[in-house]
Amino acid sequence: TALRDSIGYGFYFWSYELSTRLMMSKMRERGSDTEEAAKVLLCGGLAGVGTWASIFPLDVIKTRVQTQILAGSTTAALLGPAGIVEGTERRLGAVEVARNAYRSEGTGVFFRGLTVCSIRAFIVNAAQWAVYEWIMNELDPERRISKPKDGTL
């Protein structure tokens, strides 16, 4: 989880900042200041999708490590039998789980569900960044995304 989140949040803030800067430069070329809300929504959504796309395989591995069933356990499989090694004497590590998943299900196993997750991530993160930017503008009315105080990107 720590590895997944450290990589994911790195991509999250980087992709939001990069897409915001690129859109600001395009808006300046056209001389448009009226598209700020759309820009924040789009950049926030892209940041969410970029984050999940970057860490989805790690999340699949993490989930499979956490849902293993050991021999003699009376607990039912949380995610069903697919990809879960039942009856092992010891808990498998992340590398072993990844190898087993790849051998039995191929590369696609690491990206199954990414489309649905990306749609959700776009909506959630677009709203989250819009609220964040709105609150920051309310707290500091002189702050504007499209017009930095020092004139730089």
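**Notebook: salt bridges, cores and a surface patch**

**Entry 1: K62 and its partner.** I began with K62, which counts as buried at 18% relative accessibility; the cut-off I applied is under 20% relative accessible area. The model I am reading is a predicted one. I then looked for the partner of the K62 side chain and found D59, with a salt bridge between the two at 3.9 Å, N to O. Both residues belong to helix α2, and they stand 3 residues apart, about one turn of the helix. I checked D59 as well: its relative accessibility is 14%, so D59 counts as buried.

**Entry 2: R4 and D59.** I next asked which other side chain meets D59 in a salt bridge at 2.4 Å, N to O. The side chain is that of R4. I noted that this pair links distant parts of the chain, since R4 sits in helix α1 and D59 in helix α2 (residues 36–66), 55 residues apart. Is R4 buried or exposed? I recorded R4 as buried, because its relative accessibility is 15%. Taking the neighbourhood as a whole, I found R4, D5, D59 and K62 linked in a network of salt bridges.

**Entry 3: E105 and R64.** I counted the salt bridges of the structure and obtained 6. One that I examined separately joins the side chains of E105 and R64, at 2.9 Å from N to O. E105 lies in helix α3 (residues 94–105) and R64 in helix α2, so this pair ties together parts that are 41 residues apart in sequence. For the burial of the two partners, I noted a relative accessible area of 25% for E105, which is therefore partly exposed, and 12% for R64, which is buried.

**Entry 4: the nonpolar cores.** I turned to the buried nonpolar side chains. In soluble globular proteins, such side chains tend to be buried together. The largest nonpolar core here has 12 residues, among them W52, F56, A98, F110 and C117. I asked which elements give two or more residues to this core. They are α2, α3 and α4 (114–139), and the largest share, 5 residues, comes from α2. I followed V60, one of the core residues, through its contacts: leaving aside neighbours within four places in sequence, V60 is in contact with V109 and F110. I also found a second, separate core of 6 residues, which includes Y12, V40, C43 and A47.

**Entry 5: T67.** I located T67 in the loop between α2 and β1 (69–70). With a relative accessible area of 11%, T67 is buried. I then asked which backbone oxygen lies 2.9 Å from a polar atom of the T67 side chain. The oxygen belongs to T63.

**Entry 6: the surface patch.** Lastly I looked for nonpolar side chains on the surface. F11, W14, L18 and L22 form a nonpolar patch there, and together they have about 410 Å² of accessible area. I placed F11 in helix α1 (residues 2–30). Its relative accessible area is 37%, so I entered F11 as partly exposed.

Note on methods
Residues numbered from 1 in each chain as written. Predicted model: local features only at pLDDT ≥ 70, side-chain atom pairs only at ≥ 80, totals over all residues. Heavy atoms only, no water. Patch = residues over 30% accessible without salt bridge, like charges linked within 9 Å, V, L, I, M, F, W, Y side chains within 5 Å. Areas by Shrake-Rupley, 256 points an atom, 1.4 Å probe, with all protein chains shown as cover. Salt bridge = Lys/Arg side-chain N within 4 Å of Asp/Glu carboxyl O. Helix = DSSP H or I, 4+ residues; strand = E, 2+ residues; numbered from the N terminus. Buried < 20%, exposed > 50% of the residue type's maximum accessible area, 1.4 Å probe, protein only. Core = buried A, V, L, I, M, F, W, Y, C linked by side-chain atoms within 4.5 Å. Contact = heavy atoms within 4.5 Å. Polar contact = N/O pair within 3.5 Å; in protein donor to acceptor, adjacent residues only side chain to side chain.
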